[in-house]
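Colleague: I'm new to this one, so could you walk me through the empty space inside it?
Modeller: Gladly, let me put it on the screen.

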Amino acid sequence: GPLKPEITITYIAVSAIFFNSGLSLKTEELTSALMHVKLHLFVQIFTLVFFPTAIWLFLQLLSITPINEWLLKGLQTVGCMPPPVSSAVILTKAVGGNEAAAIFNSAFGSFLGIVITPLLLLLFLGSSSSVPFTSIFSQLFMTVVVPLIIGQIVRRYIKDWLERRKPPFGAISSCVLLMIIYTTFCDTFANPNIDLDKFSLIIIVFIIFSVQMSFMFLTFLFSTRNNSGFTPADTVAIIFCSTHKSLTLGIPMLKIVFAGYEHLSLISVPLLIYHPAQILLGSLLVPTIKSWMVSRQK
């Protein structure tokens, strides 16, 4: 189509989000975030170990129901996905949480996901294929790390202008993200062979919202305990980074791991629902989380 998502989304959109983050983020905040090892461990273990295991256990119960088995397999693939490269950062920024930590965990989780996600898919779903780690890794490096570094370099030269004018970085990132979701939906539902029954679809939507709410509450409980050592701003980054899953990485990975698979469209549906659901839910919760964080900081 005229939007040319194979170029604009794959290469330009994600790069634009990270260039935007590099431009808007103070360098000292980014370097201090690298040292917060406890926070990074919490997010990555929750996302790539606890999340897929909990979903697998839950699906053992759901397997006796009449829900479409390929949609259930799709739910498992959601659990195996790495953190997103954009939405968690945008929502953390909107609340005023630890944006630097969110950026680090998004980028680091994405790189971990290149190796771990295909292995998790093999473990839980038994799909076997040769995954071109090198090409995904190099593409991620070019679309995530390089734009972030360029953004930081450009910031050094126009820092005063940025402080004076305060461009709407958040709004720009949100528009780009909306475009990513729109084009992915178009790709999936343009497939004439997709066979969805309404009952299964409604149940899957309900499950996805329930899982997100439960996991957000769980991460909130863990990160606000007295001895956790996390600040309210850290908690905001943890809530979004631990529970969000990547669509921009997930869809290409599914296409690689399940290449030539006749049920690929159905397997992709839960991830397609999960991504806009996490943004919708996150956006609705932004004012509540923001008022909690401000009151805690006071």
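Colleague: So how many cavities of 30 Å³ or more does the structure hold?
Modeller: This is a predicted model, and the structure holds 2 cavities of that size, 30 Å³ or more.

Colleague: How much space lies in the largest cavity?
Modeller: The largest cavity contains about 60 Å³ of space, and its lining is made up of 11 residues, with S21, I90, K93, E99 and S173 lying nearest its centre.

Colleague: Which elements each supply at least two residues of that lining?
Modeller: Those are α1 (5-24), α5 (87-95) and α8 (169-189), and the largest share of the lining, 4 residues, comes from α1.

Colleague: And what's the lining of the largest cavity like by class?
Modeller: Sorted by class, the lining of the largest cavity has 5 polar residues, 4 nonpolar residues and 2 charged residues.

Colleague: Okay, switching over, what about the second largest cavity, how much space lies there?
Modeller: In the second largest cavity there is about 40 Å³ of space.

Colleague: Which residues line the second largest cavity?
Modeller: The second largest cavity is lined by F51, I55, L75, V78, G79, I207, I208, V211 and Y274, and the elements that give two or more residues to this lining are α3 (37-62), α4 (69-80) and α9 (198-223).

Colleague: How many charged residues are in that second lining?
Modeller: The lining of the second largest cavity has no charged residues, and by class it consists of 8 nonpolar residues and 1 polar residue.

Key: Residues are numbered from 1 along each chain as its sequence is written. This is a predicted model: local features need pLDDT of at least 70, side-chain atom pairs count only at pLDDT 80 or more; totals for chains, interfaces and linings use all residues. Side-chain values use heavy atoms; hydrogens and water are left out. On a 1 Å grid over the protein atoms alone, a cavity is a set of points where a 1.4 Å probe fits but cannot get out, and a pocket is an open set with protein on both sides within 12 Å along at least five of seven lines; lining residues have an atom within 4 Å of a point. Grid points are joined across faces, edges and corners, and a volume is the space filled by probe spheres set on the points. Ala, Val, Leu, Ile, Met, Phe, Trp, Tyr, Cys and Pro count as nonpolar, Asp, Glu, Lys and Arg as charged, and the others, Gly among them, as polar.
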